[in-house]
There are 2 protein chains.
Amino acid sequence: MAKRKVGAAPTVYDVAGSAGVSIATVSRAIRSPDSVTPATRERVEEAIQRLGYVPSASARALADRRTGAYGLLLPGFDDIEDAVEPVPSDGAVRITDDRGSRSPVGGAPLYFDEVLRGAEVEAWRHGSALLVAVRRGQRQDISGRVDGLAVFGRAMSEEAIGQVARRMPVVLIADEQAAPEIDSVSVDNARGMRAVVEHVVGVLGIRDLAYLAGPKDSPDDAVRRHGFAEALAAHGVDRRRLRMRHGDFGRARAAAVAAELLAERVPRALLCANDQSALGALDAIHAAGLRVPEDILVTGFDGIEAGGYASPPITTVRQPMRALGGAAIRALEARIADPTAPPQHLTLSVEVLLRESCPPTL
Amino acid sequence: MAKRKVGAAPTVYDVAGSAGVSIATVSRAIRSPDSVTPATRERVEEAIQRLGYVPSASARALADRRTGAYGLLLPGFDDIEDAVEPVPSDGAVRITDDRGSRSPVGGAPLYFDEVLRGAEVEAWRHGSALLVAVRRGQRQDISGRVDGLAVFGRAMSEEAIGQVARRMPVVLIADEQAAPEIDSVSVDNARGMRAVVEHVVGVLGIRDLAYLAGPKDSPDDAVRRHGFAEALAAHGVDRRRLRMRHGDFGRARAAAVAAELLAERVPRALLCANDQSALGALDAIHAAGLRVPEDILVTGFDGIEAGGYASPPITTVRQPMRALGGAAIRALEARIADPTAPPQHLTLSVEVLLRESCPPTL
DNA sequence: GGCCGAAATGAATGCGCATACATTTGCCGC
DNA sequence: GCGGCAAATGTATGCGCATTCATTTCGGCC
């Protein structure tokens with residue numbers, strides 16, 4: 001057994017010594033097994049096993065001039081910025097009456113989980129690792145750690161994106177209004193929303209709609225709003241009859257805004273820019289003593305899990321989250337393979353899920 | 001401006017040349033600004049700005065002998081293994097009647113998202129990055145990329161964990177039955193479940209219970225089951241009157257199992273090992289035409305978002321997911337700081353959220 | 001058996017950074 | 001104005017690996 005400092009991870013040198021070959025041979029046995037005699041290869045592999053050798057990704061990255069990792073930048077939320085103090089169990093279990101509160105446990109939309117998994121699987125398929133970062137300030141430190149960066153819409157300022165894009169491939173996720181020269185993958189928000197409106201207006205024949213939009217600075221929201229407007233126009237619905245309010249994509253705010261809107265007058269259908277808003281709208285509707293779908297129809301957008309458990313379950317537009325994450329990584333890989341190709345903008349198709357809050361027929 | 005190959009990322013050498021100093025000074029200006037004259041520091045910083053220099057994490061890791069990254073290993077699920085083919089939008093939007101299906105959109109529990117964020121925040125607070133991997137085979141390749149690994153319960157075989165633990169700190173998340181010599185962080189499953197039973201039996205005075213457990217090989221489930229049994233014993237409830245069935249922590253299976261159980265006889269309360277199971281139980285209960293909580297009480301465990309949106313909202317035990325992730329990273333940091341300390345096993349406290357499915361009083 | 005070319009292997013170098021050690025600069029007091 | 005010392009800066013080396021180029025080994029063939 002080769003001598004090496006205990007505690008330190010074994011290196012190629014240890015393996016080489018142990019197998020009685022040079023480090024070059026060890027390296028080759030790993031990277032291009034065919035370029036090495038079967039006999040020596042076996043000796044090397046045996047030594048690797050024996051020592052429990054694992055190549056240092058850092059050294060490899062340095063020599064290769066690529067890190068073998070991609071970064072995924074998720075949006076942060078105010079309450080996410082702070083570390084949460086872990087409370088060790090002291091034996092007591094707090095018991096809380098949580099009836100009526102229905103507070104979202106995390107506060108943050110949990111739907112990034114799916115995107116993350118999609119991205120991770122694709123990255124590893126390609127032999128790369130996935131680094132995750134949550135937006136916080138403008139840290140671009142990750143750019144020194146990865147070969148490419150997938151950025152969620154609004155997770156990074158345009159300026160910061162431009163900075164990073166100068167030194168490595170960047171792909172924008174779910175941000176259709178992105179700079180046209182930067183690759184992007186998104187879902188077909190406009191068509192999704194249009195399909196919903198088509199259903200409500202075209203199929204159900206309802207012309208008395210209201211729209212609960214997202215924040216004014218959200219690109220997603222802008223696109224959905226646009227799809228909404230298009231469909232209305234196509235059906236000759238008077239824009240002036242349409243009432244629209246802006247929320248913040250959050251449930252609480254949506255409930256407040258919806259309440260105002262209902263107090264004014266109850267529309268036959270309330271279309272919401274996302275599921276969280278739709279859940280908020282339901283809160284307000286229930287509070288007003290109205291029934292869904294009898295008195296008012298509600299639709300959401302995103303396909304979050306909770307939407308299917310609401311009462312009634314919310315008609316929504318399901319986004320292919322997993323595929324979105326995978327597509328983002330593929331876009332990075334493609335960009336690395338051909339840095340000179342024109343910018344790619346991939347749009348994934350969505351699916352309308354008709355549920356009780358806005359059924360197939362009335 | 002210093003000459004450098006275009007396209008290549010600038011290095012310390014470029015910065016040094018541009019600022020008219022040596023690379024050592026550049027390095028110091030970055031790492032320990034105080035050890036450098038304010039004047040030179042400014043020159044260096046200016047050059048860094050000008051060139052858009054970002055240190056190579058790989059080179060730094062090599063020199064430092066630490067990567068500055070932690071790994072988080074999430075459990076994978078069968079359907080996660082495969083990459084999802086992105087479907088480009090062809091203009092058509094599929095419209096599906098999704099009434100009654102209530103299919104979870106992703107299939108996978110989305111609650112890792114919270115843990116991930118907790119871990120990421122804590123890691124970055126410490127100046128480290130977070131690498132995410134999804135279980136798939138036994139790949140320990142990540143061990144060459146990180147300084148420590150946080151492993152979710154069941155995300156890795158015991159043997160593989162032992163392997164990795166030989167070369168770097170490992171902390172187990174939510175796996176209380178873990179090898180005692182490996183650090184772990186978990187939530188107080190036993191006390192949480194016990195508190196629920198205390199409420200049902202002690203406060204509500206119900207003695208006719210059934211338990212819908214998770215998979216037999218789940219450590220989490222074992223612990224919850226144990227807490228359940230303890231509380232029963234404490235209240236002198238006859239174990240033989242208790243009916244228990246094993247599910248798989250999934251909703252569909254739970255619905256099937258619960259249906260069997262109900263067909264046999266309807267208990268006054270059905271306690272479930274997790275929220276997904278409780279949702280499944282609700283499905284079966286509704287299908288059987290029973291009312292919750294009038295005919296039967298239901299409780300879950302985990303505090304997933306959907307539980308709060310169910311009809312009725314499900315009483316559950318909320319786990320501090322975010323804190324759990326943060327605590328895992330802290331444990332790694334502590335272990336790195338003192339490799340010789342005895343194994344630490346941190347248990348975070350949980351909270352019972354009483355909601356309509358099992359209210360504070362009847 | 002000896003020669004030649006190809007395959008296998010080894011030696012040496014660089015990737016970008018941190019740092020130990022060497023050198024220079026600056027400052028103080030006399 | 002100079003010695004002496006501390007602070008500032010520079011030089012050189014190694015981190016672990018991939019890879020180029022040099023060297024050795026092996027086969028085939030005459």
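A residue is called buried here if 20 or more other C-beta atoms lie within 10 Å of its own. By that rule, 54% of the 362 residues of chain A count as buried. Keep in mind as you look around that this is a predicted model.

Let's begin with chain A as a whole. Its C-alpha atoms fill a box of roughly 85 × 60 × 35 Å along the principal axes. The radius of gyration of chain A is 26 Å, whereas a compact globule of 362 residues would have one near 21 Å. Along the chain you can find 12 helices and 13 strands. Many contacts reach across the sequence: among those in chain A between residues at least 6 apart, 69% join residues at least 24 apart.

Next, see how chain A is divided. Domain 1 covers residues 12-55, and domain 3 covers 189-319. Domain 2 is pieced together from 69-78, 106-186 and 321-348. Between the centres of domain 1 and domain 2 of chain A, taken over C-alpha atoms, there are 36 Å.

Now turn to the start of chain A. In an unreviewed entry, UniProt lists residues 10-64 of chain A as "domain: HTH lacI-type". Over residues 10-64, chain A is 71% helix and 0% strand, and the C-alpha atoms at the two ends of that stretch are 20 Å apart.

From here we can move to the DNA, starting with strand D. Which residues come nearest to DNA strand D? Of the 27 residues around this strand, they are Thr11(A), Val12(A), Ser27(A), Ala59(A) and Ala24(B). In both chain A and chain B, helix H2 (23-31) and helix H4 (57-64) each supply at least two residues of the surface near DNA strand D. H2(A) gives the most, with 6 residues. By class, the surface near DNA strand D has 14 nonpolar, 8 polar and 5 charged residues.

DNA strand C has 28 residues around it, and those that come nearest are Ala24(A), Thr11(B), Val12(B), Ser27(B) and Ala59(B). H2 and H4 of chain A, together with H2 and H4 of chain B, are the elements that give two or more residues to the surface near DNA strand C. Which element gives the most to the surface near DNA strand C? That is H2(B), with 6 residues. The surface near DNA strand C divides into 15 nonpolar, 8 polar and 5 charged residues.

Definitions and conventions: Residues numbered from 1 in each chain as written. Chains lettered and ligands numbered in written order. Predicted model: local features only at pLDDT ≥ 70, side-chain atom pairs only at ≥ 80, totals over all residues. UniProt positions renumbered as here; feature names shortened; annotations may be inferred. Helix = DSSP H or I, 4+ residues; strand = E, 2+ residues; numbered from the N terminus. Domains from an automatic or database assignment. Near = placed C-beta within 6 Å. Nonpolar A, V, L, I, M, F, W, Y, C, P; charged D, E, K, R; others polar. Rg over C-alpha atoms; globule rule 2.2 N^0.38 Å. Buried ≥ 20, exposed ≤ 12 C-beta atoms within 10 Å, placed from the backbone. Contact = placed C-beta atoms within 7 Å.
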